[in-house]
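Reader: I am new to reading protein models. Could you walk me through one, feature by feature?

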Amino acid sequence: MQNQISSERFEAIVDAYGADAQRWPQDERAAARLFMQQHPETARRVMAEARTLDAWLSAAEEPEPSVALQWEILAHMAPAGVVAKMAAPLSVRPRRRWMAGIGLAAACAAGIIFGVNVGLATTSEARAEAVLASASLTEVDNW
């Protein structure tokens, strides 16, 4: 025997979860469907309104939370003072910015030089092997 629900409860379920019965609370889904069979006119009216609202909500764009809202949420979640330290702008002196840029440029240059040298070493070794192979020699020591 399925529990019966009132018209008000059926409307509350549909208002809260929409017209898709799969989203209704599982423990009340059968009772809501039974209500729809027993009261088709009421159910049709309530479901039509819910479908209209569902379609409108589906067509709407999801709002993008602002940075301020994200920080506010974090402020409520994190211990006091932690978010304030994270949100404070970094006070880096201009000279330190230049030094960081110079360091980054030096690291990039070193990487390029290293890559080119490895490539040249590999290429020259391959050329030497090709020359030896064409001369029917197996090693450089045989010269």
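**Salt bridges, core and surface**

Author: Start with a charged pair. The side chains of Arg45 and Glu11 form a salt bridge, with N and O 3.3 Å apart. Keep in mind that this is a predicted model.

Reader: What is the general idea behind such a pair?

Author: Side chains of opposite charge can pair when their charged atoms come close.

Reader: Which helices hold Arg45 and Glu11?

Author: Arg45 sits in helix α3 and Glu11 in helix α1, so the salt bridge ties together parts 34 residues apart in sequence.

Reader: How exposed are Arg45 and Glu11?

Author: Arg45 is partly exposed, with a relative accessible area of 41%. Glu11 is partly exposed too, at 24%.

Reader: Which other residue meets Arg45 in a salt bridge?

Author: Glu49 does, at 3.8 Å from N to O. Glu49 and Arg45 are four residues apart in helix α3, so about one helical turn separates them. 

Reader: What does one turn mean for direction?

Author: An α-helix has 3.6 residues a turn, so residues three or four places apart point the same way. Put the pairs together here: Glu11, Arg45 and Glu49 are linked in a network of salt bridges.

Reader: How many salt bridges does the structure hold?

Author: It holds six. One of them joins Glu28 and Arg9, whose closest N and O atoms are 2.5 Å apart. This pair also links distant parts of the chain: Glu28 is in helix α2, Arg9 is in helix α1, and their positions lie 19 residues apart in the count.

Reader: Is Glu28 buried or exposed?

Author: Use the cut-off. Buried means under 20% relative accessible area. Glu28 has 18%, so Glu28 counts as buried. Its partner Arg9 is partly exposed, at 33%.

Reader: What does Glu28 touch?

Author: Set aside neighbours within four places in sequence. Glu28 is then in contact with Arg9 and Ile13.

Reader: Which residues of α2 are buried along with Glu28?

Author: The buried residues of α2 are Glu28, Arg29, Ala31, Ala32, Leu34 and Phe35. Their cover includes α1 and α3.

Reader: How do I check the length of α2?

Author: Compare its span with the expected one. α2 has 13 residues and reaches 19 Å from its first C-alpha to its last. That is close to the 18 Å expected at 1.5 Å a residue.

Reader: Now the inside. What should I look for in a core?

Author: In soluble globular proteins, nonpolar side chains tend to be buried together. Here the largest nonpolar core has 14 residues. Ile5, Phe10, Val14, Trp24, Ala32 and Met47 touch the most other members.

Reader: Which helices supply at least two residues of this core?

Author: α1 (7–17), α2 (26–38) and α3 (40–59) each do. α3 gives the most, with four residues.

Reader: Take Phe10 as a case. What is Phe10 in contact with?

Author: Again, leave aside neighbours within four places in sequence. Phe10 is in contact with Ile5, Trp24, Ala32, Phe35, Met36, Ala43, Val46 and Met47.

Reader: And the outside? Which residues make the nonpolar surface patch of about 570 Å²?

Author: Val67, Leu69, Trp71, Ile73, Leu74 and Met77 make it. Take Leu69 from that list. Leu69 lies in helix α4, residues 67–77. Leu69 is partly exposed, with a relative accessible area of 39%.

Reader: Let us step back to the whole chain. How many helices and strands are there?

Author: There are six helices and zero strands. From the N terminus on, the elements run α-α-α-α-α-α.

Reader: How much of the chain counts as buried?

Author: Of the 143 residues, 15% count as buried. The accessible surface comes to about 11,800 Å². Carbon and sulfur atoms account for 60% of that surface.

Reader: How do I read contacts along the sequence?

Author: Look at contacts between residues at least 6 apart in sequence. Among these, 48% join residues at least 24 apart.

How values were computed. Residues are numbered from 1 along each chain as its sequence is written. This is a predicted model: local features need pLDDT of at least 70, side-chain atom pairs count only at pLDDT 80 or more; totals for chains, interfaces and linings use all residues. Side-chain values use heavy atoms; hydrogens and water are left out. A nonpolar core is a set of buried Ala, Val, Leu, Ile, Met, Phe, Trp, Tyr and Cys residues joined through side-chain atoms within 4.5 Å. Buried means under 20% relative accessible area, exposed over 50%, partly exposed in between (1.4 Å probe, protein chains only). Contact means heavy atoms within 4.5 Å. Patches are made of residues with over 30% relative accessible area and no salt bridge: like charges are joined within 9 Å, nonpolar side chains (Val, Leu, Ile, Met, Phe, Trp, Tyr) within 5 Å. Accessible areas come from the Shrake-Rupley method with a 1.4 Å probe; for residues, only the protein chains shown count as cover. A salt bridge is a side-chain nitrogen of Lys or Arg within 4 Å of a carboxyl oxygen of Asp or Glu. The expected span of a helix is 1.5 Å times one less than its number of residues.
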